[in-house]
Amino acid sequence: MLERQSHWENVYRTKGERDVSWFQETPTISLDLIRATGVGIDASIIDIGGGASRLADALLADGFRSVTVLDVSEKALATARDRLGPTAEHVTWIIADVTAWRPDKAYDVWHDRAAFHFLTEPSDRAAYAEHLREAVRPGGHVIIGTFAPNGPERCSGLPVARQDSASIGEVLGPSFKLIESRCHDHRTPGGSVQRFQFSRFQRQQRD
């Protein structure tokens, strides 16, 4: 866990926001999937491993009023806060490793683009799912984007566990119903293409 934090602090201290492979000027697919849930602007949304992502910016621009960003890297969140300026006060920022974090409120939407696939140990994936189940209210939505089965095997110098909707669903458990899955080709700032898959689940009203 400490190694994970040290790794990501180093990444964000040595690379600019636009220099990392996962940079997106506009997080279009994430926004599309969040809008597809049909939640209103009062919905509570958490972005897991959000780092310096521009999703929080876009959600605030869409009028959402309860946005939380969780990341293991303090530097990444500082970058996002500095970019947002005064509007950063409308976001809740949490410095934590999701496998050790305990939520203190319920969320309507759990969003994760490219954090889950770094959890290569089954115990870490189990801890992730446990905390997700604590955080997502019945009827709530879960959106997870990972490298697809035909995507990269490594990222940022680390191995990844490539996933599809079925393998993610097994980790989440039967109380989460798959609503849709989408393939997505992400073009990195360097011009290469990374194959992602995004899965959207909904928690059933009764587990």
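The following legends describe several close-up views of a predicted model.

Residues are numbered from 1 along each chain as its sequence is written. Because this is a predicted model, local features need pLDDT of at least 70 and side-chain atom pairs count only at pLDDT 80 or more, whereas totals for chains, interfaces and linings use all residues, and side-chain values use heavy atoms, with hydrogens and water left out.

**View 1. The whole protein, with its six helices and nine strands.**
Helices (H or I, at least four residues) and strands (E, at least two) are DSSP runs, numbered from the N terminus. The radius of gyration of the protein is 16 Å, close to the 17 Å that the globule rule gives for 207 residues, so the protein is as compact as a globular protein of that length; the radius is taken over C-alpha atoms, and the rule is 2.2 Å times the number of residues to the power 0.38. Along the principal axes, the C-alpha trace spans about 45 × 40 × 30 Å. Buried residues, meaning those under 20% relative accessible area (exposed means over 50%, partly exposed in between, with a 1.4 Å probe and protein chains only), make up 53% of the 207 residues. Of the contacts (heavy atoms within 4.5 Å) between residues at least 6 apart in sequence, 70% join residues at least 24 apart.

**View 2. The open sheet of seven strands, with mixed pairing.**
The strand order is β3-β2-β1-β4-β5-β9-β8, where two strands pair if DSSP finds at least two bridges between them. At the edges stand β3 (91-95) and β8 (176-187), each with a single partner strand, so one side of each is left without a neighbour in the sheet. From one strand to the next the twist averages 15°; axes are lines fitted to C-alpha atoms, for helices over the stretch in contact, and angles run from 0 to 180 degrees between N-to-C directions.

**View 3. Strand β4 and its pairing with β1 and β5.**
Strands of a sheet pair through backbone hydrogen bonds, either parallel or antiparallel. Strand β1 (residues 44-48) and strand β4 (residues 107-113) run parallel and are joined by four bridges; Ile45 stands opposite Val109 in β4, and the bridge partner of Ile48 in β4 is Asp112. The pairing of β4 with β5 is also in the parallel sense, over six bridges, and Tyr107 has Val136 in β5 as its bridge partner. Seven of the seven residues of β4 are buried, so this strand is largely enclosed by the rest of the structure.

**View 4. Helices α5 and α6 against the sheet.**
Helix α5 (residues 122-135) lies across β1, β4, β5 (136-147), β8 and β9 (193-203), and runs at about 145° to β5. Helix α6 (residues 165-172) also packs on the sheet, where it touches β5, β8 and β9, and its direction makes about 40° with that of β9.

**View 5. Asp71 in strand β2 and Ser73 in the loop that follows.**
Asp71 lies in β2 (residues 66-71) and counts as buried, at 6% relative accessibility. Leaving aside neighbours within four places in sequence, the contacts of Asp71 include Gly49, Gly50, Gly51, Ile94 and Ile95. The Asp71 side chain reaches the backbone nitrogen of Ser73 at 2.8 Å, a polar contact, that is, a pair of N or O atoms within 3.5 Å in which, within protein, one must be able to donate a hydrogen and the other to accept it, and for which residues adjacent in sequence count only if both atoms are side-chain atoms. Ser73, in the loop between β2 and α4 (74-84), is buried with a relative accessible area of 0%. The side chain of Ser73 in turn reaches the backbone nitrogen of Lys75 at 3.4 Å, while a polar contact of 3.5 Å joins the side chains of Ser73 and Glu9. Not counting residues up to four places away in sequence, Ser73 touches Trp8, Glu9 and Tyr12.

**View 6. Cys155 and Cys183, with no disulfide between them.**
A disulfide is a covalent bond between the sulfur atoms of two cysteines, and the criterion applied here is a pair of cysteine sulfur atoms within 2.5 Å. By this rule the count comes to zero disulfides. The sulfur of Cys155 is 18 Å from the closest cysteine sulfur, in Cys183, which is too far for a bond. Cys155 is buried, with a relative accessible area of 8%, whereas Cys183 is exposed, at 74%.
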